[in-house]
Amino acid sequence: MVVTAVQSSDTTAIGSLVAVRPAFSADRLLADLVPPRHFADARFATYRANPDHPSQAAAVARLQEVAAEIARPAPSGLRSLLGRRRPAPAVYMDGGFGVGKTHLLTSLAHAVREELGADAAAYGTFVEYTNLVGALGFLPTVEALSTKKLVCIDEFELDDPGDTVLMSRLLRELADRGVALAATSNTLPDALGEGRFAAEDFLREIQALADRFEVLRVDGEDYRHRSVVTDAAPLATEVVCTTAAARPRAVVDDFSDLLAHLATVHPSRYGALLDGVEVVGLTGVRPVTRQEVALRLVVLVDRLYDRDVPVLLAGADPRALFSEEMLRGGYRKKYYRALSRLGALAEDGRALLDEA
């Protein structure tokens, strides 16, 4: 079942994502490189460092120093001519799942933006930057990002050799132009040995830049203290449609129709696809069997999570979205992240039922 409506210029009548054809805009892609709404209030002062893990407080203190260093005016006059230009800082936060690395990264971005202006820092995930290069081209992306004082890359991914080489080259170009860099990488929540701390992998993959990056260890346990995916059962189709129909700026789509639509939209525009959307309902949810389809779904889930958009799911158990083979394969970290985030958004969606 699909509930559709004609999209008005006000966006209050959006009823279906499948009906939306987001237009391409280079300015829009760049404007979207900001800390996500989910972390709008993240600041160093709101990060609760666990006293049992001193590395957390040490990371906060060091990142505050990095923010001050980025905001410090460059030397001028004779001092500038006589002194050797100091390389811009580059930091990599290394830690397990759920220790607050993204909170710290967004706090750094907010600190620089508040000190130097909103245009001073770019913030995006690894996928958003690779999509930006795909949409704009490499050199235009370098030119656009080189105007920033700081570029933050969340969830640096090491599972695609081509994209990793591309990002390594992009970071090298930006570092050579004096742009400060900060990065994190995502890890599996239950990977006690394999992949838990990825600093060696990260430094190996960025090769020429390795000696410029300072590694900040962030130890600790998953602050969420929850399972990777929600244990909540899927909703009935009628419940999804009725709940969405009662809320403004809600959309409902058949899962298969939405997956087909995503294939016609560049992933860099998935954020624009969600403009004005405050609730997403999906009916006929089923396992995804093709890798390219699953990876597009991962990007959409990331954009939903960034925007704190609750989801209402009807159909098969969302924990079975990705096959066991996918969850053991090279992209498993992406799939586990998507399941974790989709589970959190589904819990937010279920909370809407109590408000009805």
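**View 1. Five strands line up side by side in an open sheet, in the order β2-β3-β4-β1-β5.** This is a predicted model, and the pairing in this sheet is parallel. Two strands sit at the edges, β2 (121-125) and β5 (214-218). Each of them has a single partner strand, so one side of each is left without a neighbour in the sheet. Look at how neighbouring strands are set against each other: on average they are turned by 15°, direction ignored. As a reminder, strands of a sheet pair through backbone hydrogen bonds, either parallel or antiparallel.

**View 2. At one edge of the sheet, β2 teams up with β3.** Strand β3 covers residues 150-154, and five bridges join β2 to β3. The two run parallel. To find your way around, pick out Tyr123: its bridge partner in β3 is Cys152.

**View 3. Strand β1 (residues 90-95) is mostly covered.** How many of its six residues are buried? The count is six of six. In a regular strand the side chains alternate between the two faces of the sheet. You can follow that here: Ala90, Tyr92 and Asp94 point one way from β1, while Val91, Met93 and Gly95 point the other way. Whichever way they point, these residues are all buried.

**View 4. Strand β1 has a partner on either side, β4 and β5.** With β4 (residues 180-184), β1 shares four bridges, and the two run parallel. Here Ala90 stands opposite Leu181 in β4. With β5, β1 pairs over five bridges, again in the parallel sense. On that side, check Gly95, which stands opposite Val218 in β5.

**View 5. Helix α2 packs its buried residues against strands and another helix.** This helix runs over residues 54-71, which makes 18 residues. From its first C-alpha to its last it reaches 26 Å, close to the 26 Å expected at 1.5 Å a residue. Which residues of α2 are buried? They are Ser55, Gln56, Ala59, Val60, Leu63, Val66, Ala67, Glu69 and Ile70. An α-helix has 3.6 residues a turn, so residues three or four places apart point the same way. The buried residues of α2 pack against β1, β3, β4 and β5, and also against α4 (101-116).

**View 6. Glu155 and Asp308 both have a positive phi, although neither is a glycine.** Glu155 lies in the loop between β3 and α7 (161-176), and its phi is about 60°. Is Glu155 buried or exposed? It is buried, with a relative accessible area of 4%. Asp308 has its place in the loop between α12 (291-306) and β8 (311-315), with a phi of about 55°. Asp308 is partly exposed, with a relative accessible area of 30%.

**View 7. Confidence varies along the chain, from a lowest element mean in α3 to a highest in α10.** The mean pLDDT of the protein is 85, and 86% of its residues reach 70 or more. Among the elements, helix α10 (residues 255-262) has the highest mean pLDDT, 98, and helix α3 (residues 77-82) has the lowest, 50. Two stretches also deserve a look here. Over residues 1-13, pLDDT stays under 50, and the model has 25 contacts beyond four places in sequence for them. Residues 188-197 stay under 50 too, with 22 such contacts. Where pLDDT is low, the predicted coordinates should not be read in detail.

Conventions: Residues are numbered from 1 along each chain as its sequence is written. This is a predicted model: local features need pLDDT of at least 70, side-chain atom pairs count only at pLDDT 80 or more; totals for chains, interfaces and linings use all residues. Side-chain values use heavy atoms; hydrogens and water are left out. Two strands pair if DSSP finds at least two bridges between them. Axes are lines fitted to C-alpha atoms, for helices over the stretch in contact, and angles run from 0 to 180 degrees between N-to-C directions. Buried means under 20% relative accessible area, exposed over 50%, partly exposed in between (1.4 Å probe, protein chains only). The expected span of a helix is 1.5 Å times one less than its number of residues. Contact means heavy atoms within 4.5 Å. pLDDT is the predictor's confidence in each residue, from 0 to 100.
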